[in-house]
Amino acid sequence: MKTELNQAFSFVYGVLAKRRYTRRELELRLVQRGFSTEISRRVLKSMDKYGYIDDQVYSRFWVGKRLAKRGFILLKQELLNRGVDINIIEDVLVEFGYEAEYNAALRLIEKKVRLSGNDCSVSRLAGFLQHRGYSYEVIGKICREITERGV
């Protein structure tokens, strides 16, 4: 059992050295690797204790990294798929705030319009944002702004 525990720790350290993971992702990796449930629990508890895994920190990192191209709806779904608790996700999204999502969407639309040579309809831009996971509130505000500008 001691060797299995050491192997599990070595495995998790190696995995975490390559990239960040949520608690659930690490749990799945340990199971896939064939470690027992008890060993997995002990390793994950230790990783939590020493701060090697923290879903809140992971979520902040994930949203910060991907907000430039994804809206809150899609980011929420991505984090849920990675096993992050919904309460943690919602707290992180509130931390970033509506303005961050709006500004990211606006930059994305400005780039899209620039690259298309101002040849995009408002409905096409709205669909583009919707496909990227932006909220209807953000999409509506941007569409009104584009219409007022006459783009």
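Which residues does W62 touch, not counting residues up to four places away in sequence? In this predicted model, W62 touches L75, E78, L79 and R82 once those neighbours are set aside. W62 is found in helix 4, and with a relative accessible area of 7% it is buried. One of the contacts is also polar: the side chains of W62 and E78 are joined at 3.0 Å. By contrast with these contacts, S123 lies 61 residues from W62 along the chain, and the C-alpha atoms of W62 and S123 are separated by 29 Å.

E78, the polar partner of W62, also takes part in a salt bridge. The side chains of R66 and E78 meet with N and O atoms 3.0 Å apart. This pair links distant parts of the chain, since R66 belongs to helix 4 (residues 55–66) and E78 to helix 5 (residues 72–81), 12 residues apart. The two partners fall into separate classes of accessibility. R66 has a relative accessible area of 22% and is partly exposed, whereas E78, at 14%, counts as buried. The class boundary is 20%, because buried means under that value of relative accessible area.

Salt bridges were then searched for over the whole structure, and 8 were found. Side chains of opposite charge can pair when their charged atoms come close. One of the pairs is formed by D48 and R23, whose side chains meet at 2.3 Å, N to O. D48 lies in helix 3 (residues 37–49) and R23 in helix 2 (residues 23–32), so this salt bridge ties together parts that are 25 residues apart in sequence. Both ends of the pair are partly exposed: D48 has a relative accessible area of 35%, and R23 has a relative accessibility of 28%.

A further salt bridge involves K76 and E90, with the closest N and O atoms 3.5 Å apart. Here too the pair links distant parts of the chain, as K76 is in helix 5 and E90 in helix 6 (residues 86–116), 14 residues apart. K76 is partly exposed, with a relative accessible area of 27%, and E90 is likewise partly exposed, at 36% relative accessibility. In addition to such pairs, R19, E25 and R82 are linked in a network of salt bridges.

R82 appears again in the surroundings of T22. The side chain of T22 reaches the backbone oxygen of R82 at 2.6 Å. T22 is found in the loop between helix 1 (2–18) and helix 2. Its relative accessible area is 0%, and T22 is therefore classed as buried. Leaving out residues up to four places away in sequence, T22 touches D55, Y58, R82 and V84. R82 is thus listed among the contacts of T22 and among those of W62.

Two other buried residues were examined, F11 and S40. F11 lies in helix 1 and has a relative accessible area of 12%, which places it in the buried class. Apart from neighbours within four places in sequence, F11 is in contact with R29, L30, R33 and F35. Between F11 and L26, which are 15 residues apart in sequence, the C-alpha to C-alpha distance is 10.0 Å. S40 lies in helix 3 and counts as buried at 4% relative accessibility. With its neighbours within four places in sequence left aside, S40 is in contact with L30 and F35. L30 and F35 are also listed as contacts of F11.

The search for open space was the last part of the analysis. Rolling a probe the size of a water molecule over the atoms shows where empty space is left. The largest pocket has a volume of about 190 Å³. It is lined by A68, K69, A104, R107, L108, K111, K112, L115, F128 and R132. Helix 6 supplies the largest share of this lining, with 6 residues. By class, the lining of the largest pocket holds 5 nonpolar and 5 charged residues, and no polar ones. Helix 6 is also the helix that contains E90, the partner of K76 in the salt bridge described above.

Technical notes. Residues numbered from 1 in each chain as written. Predicted model: local features only at pLDDT ≥ 70, side-chain atom pairs only at ≥ 80, totals over all residues. Heavy atoms only, no water. Salt bridge = Lys/Arg side-chain N within 4 Å of Asp/Glu carboxyl O. Helix = DSSP H or I, 4+ residues; strand = E, 2+ residues; numbered from the N terminus. Buried < 20%, exposed > 50% of the residue type's maximum accessible area, 1.4 Å probe, protein only. 1 Å grid on protein atoms, 1.4 Å probe; cavity = no way out; pocket = protein on both sides within 12 Å on 5 of 7 lines; lining within 4 Å. Points joined across faces, edges and corners; volume = space filled by probe spheres on them. Nonpolar A, V, L, I, M, F, W, Y, C, P; charged D, E, K, R; others polar. Contact = heavy atoms within 4.5 Å. Polar contact = N/O pair within 3.5 Å; in protein donor to acceptor, adjacent residues only side chain to side chain.
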